[in-house]
Structures are given as structure tokens and as C-alpha cells.
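Please look over the sequence and the structure below before reading on, and keep both in view as the paragraphs lead from the chain as a whole to the spaces enclosed within it.

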Amino acid sequence: MFNNNSISISVSDDDSDELGRVRARVRKKRKKAGLRNYDNGFSRWLLRKLVKYWMFLIFLPAAGLLLFEASSFVVKPEPGTKPSGSGSELGSIKKPSLEKKSEGNLNRLDPTTRVVGGVRERCLKLLPQEELEHLDIPSSKGSTSPVSKVLYISENDTPFLGRNIVLSGQSTNATRFNLFTGNQTLDQRENSFKESDTASVHCGFYSENGGFKISSEDREYMLNCKVVVSTCAFGGGDDLYQPIGMSEASLRKVCYVAFWDEITLATQESAGQKISEDGFIGKWRIIVVRNLPFSDQRLNGKIPKMLAHRLFPRAKYSIWVDSKSQFRRDPLGVLEALLWRSNSVLAISEHGARCSVYDEAKAVVKKNKAKPDEVEVQLTQYRNDGLPEDKRFNGKKALAEASVIVREHTPVTNLFMCLWFNEVVRFTSRDQLSFPYVLWRLKVLKNINMFPVCTRKDLVNSMGHLRKAKPLIS
């Protein structure tokens, strides 16, 4: 038997340390297990909440986005103005008019650029300003064109035959040939395209009784123009935009002429645009034309557009700008960049959307720019004449946009513009359809500068047509 009821066990220091480490590991494991249990419980709670309220969570950001979009429609009154309406009611929100919308482009002088070979460059490369101030009109050079002279058929040469003509095998009493244009037969049309040293062609102003009457004072002014920038607004369709960006040299040497009819005169006067005693509004000399020869105002507009050499017989150069645009570059600089630098006699903007006259005809009909039967008569004639569907003629793009025309008044360019004018009189007033045909037929006109659309955008600020032109009452 043992007398002692207790047993003593000796524990060394090493054993004590090992026991402590074991207990510590047990505590850590219990703590981690507790954390895992807590995490799992929170995740399950969060998942239950998401399942319960998922529709609300989707609706909340959607509602916020809707409120943000709605706030953009609230029009804040300008300083110094009161909102219309009474109490807390907001005034009716008016849609911006076309005139207000177009003002965003007005008087802009910033250059138009494009990227070429990875480098951004200006579309119209004008000379520096100091060189523009000393730029002068070059002396005439000897022409290498086979056409050295153009004679214009008048009433003294051919009697007017009446209003019935044969057009593409169809007889019509609705021809637009009249005492202004003369009655060009199909045989005369064919002969006008033949290469000759001296060309004879119908080119408007057929008779003293044909219309397009201009005062003697205005005619005297026009006779003194050597370089002219011209535009026109017939039927009260567009406002007058002052040219900008010109040098002092151009202001002294260039005529700025705007042709108006009596409808536009009345429209502009009612809007506060008054012609000064010397015949000017700003930089534009206003030429009021009376007794317009066509009931179609678009056709009347082709006279100053295409027959500048007839209106300004002593001018050496002309720049045409559509009334929907504001000319914003130095005229002499434009002549240097588009004609003199490239040794060209005609510069015109390429069409931006299409290349083929047949594709353009489809677009004209689709957009109701001309009657389908008129377009079909024109295309039938062109097909019979052998006009191909080529997209390039004489190395140039076939289709032109033609809102800006820059040209030297040489015999061959004068002949080209006369032929082009006769086509829009004979067929439709959509000059984009007849330009490729005349370019194809008149093969002696080689040195044309068909500049890209971005160059045209650098030349003008496009404002768009503001109002529909009022037709003449025939």
C-alpha cells in the first residue's frame, strides 16, 4: 500500500513551452472557425436581402438616370429675363428656328483641316497674310486651248422660231427656251460641242426683250470689275451674308456683287436690310434685276452662276458663292491657291456623296428635286449620245457639287459655262446632272481643279437655305 495519495510529476521548461504552443494553436483554430461561421452567416443574410429587394435595387439607378435626363430639358432663363407663364409654371419651350440654328456658323474664320499621311493639315493652303496683302493679278498668258474665240448667237443671227421644239424625239409646248436664251435646236446643240478655233453658241441675252433688266448705273459698275465675287437670291429665299477674311488688297481690287429680284428686295427691306444711296449693303453691291426670264427661280439663279462672263464682260476672274453660304476667305488668295498655283482655269468642288450622273439622277428623283419624267428625258438623251457610266472624265471626278465655282474668263471656260447653261435650260435645273455630260463632251477643257469637299468647307460657312424661294407668277 502507498501512504501518499498524490503523485508529483516533474515538468521541464521545454515541456512547458511546448504545451503553451499547443494551447495557442487550439485557440487560433477556434477563432478562425468562429470567423468562418460569422462570414458564412453574413453572406447568407446578404444573399437573402438581395433576393428579396433585387427589383428595388434595379429600379433605383434607372430612376436616377431618368431624373438626370429630364433635367436636361429644363430651359433656364437667361440673366435679366423672366420665365413666361405665371406662378410656378414654366413657359412653353420653343424650338430653335432655322435662322437661329444657322447663326452658329456665321463669321467663323477657323480653318478646316484633314489628316493626310498621319499628319493634320489645312484643306485650303492660302499664302501667309503678309503675302496676301501684296498679291496682285497676274498678266495674261498665252492660251494653249484650241478655242481662241467665242461668238454668242443673238436675235440678229437666228430668228426666234417659237416655243415648239423637238426634245429627244418628243414634241413639247412647255420648253423653257425663250427670248432670253434663243431657241437652240438639237443640231445647233450638237455643233456647239465640236472643236473649233471660233465657237458659236447660244449663251443667254438672246434679245433685248428677253428680260433680266439691269439699270444703267449698275451696268456701268459691272463694266469696271476685273475680279468679282458674286451671289444671288431670287424669290426672297436667303439672307445676305457679309464676306469675311479678305485682305485690304482684295477690298480694293475685287467687286462683291449680289443679284436680287424685286421679291428679295421687298423681303430684305421688311427685315431692315436697306440699300444705301450708293447701292451697297456692307461690302456687297446690290444689283436689283427686273423682268426675270423664267418662272422657275432656280433657273433664274443659273444666270449669274454660270454666265458671269456675260454679266461682267471685262472681268478676268470670278468666284461664285451660293446664297446659302458665307464667303470667308481672301478672294485673291483663293485664286492663287486654286487656279494660279496649279495652272488651272476652272476650280469647282467635287460632289461629296456620289460620282456617277446616273446615281445622282436616282437621288434627284428620290428627293423630289426634279420630276421623274424630266430626269428620264435628260438621261435618255445622254444615253443616246453615248455618255458612259464612268466616274471620272479627263482624269477628273465626274460629279461636281458646284456651290462654289472659281474660274478664269478664258474662251474655253466661257464656252464650257455657256454649254452647261444651255443644258439646264433644255432639261432640268439640277446642274449636277449636266456637268458630267458637258465635261465629257468638251474634251478640250483639261486643266480643271476639282477640289475636295473639305476645301469647299474651308472656303465658306454653310448656313443652309432659310426660306423657300417664291416663284414668279407667269
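A cavity, in the sense used here, is a set of grid points where a 1.4 Å probe fits but cannot get out, and its volume is the space filled by probe spheres set on those points. With that idea in hand, we can turn to the model, which is a predicted one.

The chain as a whole has 474 residues, of which 43% are buried, and its secondary structure consists of 15 helices and 18 strands. If we take the contacts between residues at least 6 apart in sequence, 82% of them join residues that are at least 24 apart.

How many cavities of 30 Å³ or more does the structure hold? There are two, and the largest of them contains about 100 Å³ of space. Its lining is made of 14 residues, and those closest to its centre are Thr231, Leu240, Tyr241, Ser323 and Ser325. Strand S7 (227–233) and strand S12 (325–327) each give two or more residues to this lining, with S7 providing the largest share, three residues. Sorted by class, the lining of the largest cavity has eight nonpolar, three polar and three charged residues.

The second largest cavity has a volume of about 50 Å³, and the residues that line it include Ser230, Lys305, Trp320 and Arg407. Helix H8 (297–306), strand S11 (317–321) and strand S16 (400–408) each contribute two or more residues to its lining, and S11 gives the most, with three. By class, five residues of this lining are nonpolar, two are polar and two are charged.

How values were computed. Residues are numbered from 1 along each chain as its sequence is written. This is a predicted model: local features need pLDDT of at least 70, side-chain atom pairs count only at pLDDT 80 or more; totals for chains, interfaces and linings use all residues. Side-chain values use heavy atoms; hydrogens and water are left out. Helices (H or I, at least four residues) and strands (E, at least two) are DSSP runs, numbered from the N terminus. Buried means under 20% relative accessible area, exposed over 50%, partly exposed in between (1.4 Å probe, protein chains only). Contact means heavy atoms within 4.5 Å. On a 1 Å grid over the protein atoms alone, a cavity is a set of points where a 1.4 Å probe fits but cannot get out, and a pocket is an open set with protein on both sides within 12 Å along at least five of seven lines; lining residues have an atom within 4 Å of a point. Ala, Val, Leu, Ile, Met, Phe, Trp, Tyr, Cys and Pro count as nonpolar, Asp, Glu, Lys and Arg as charged, and the others, Gly among them, as polar.
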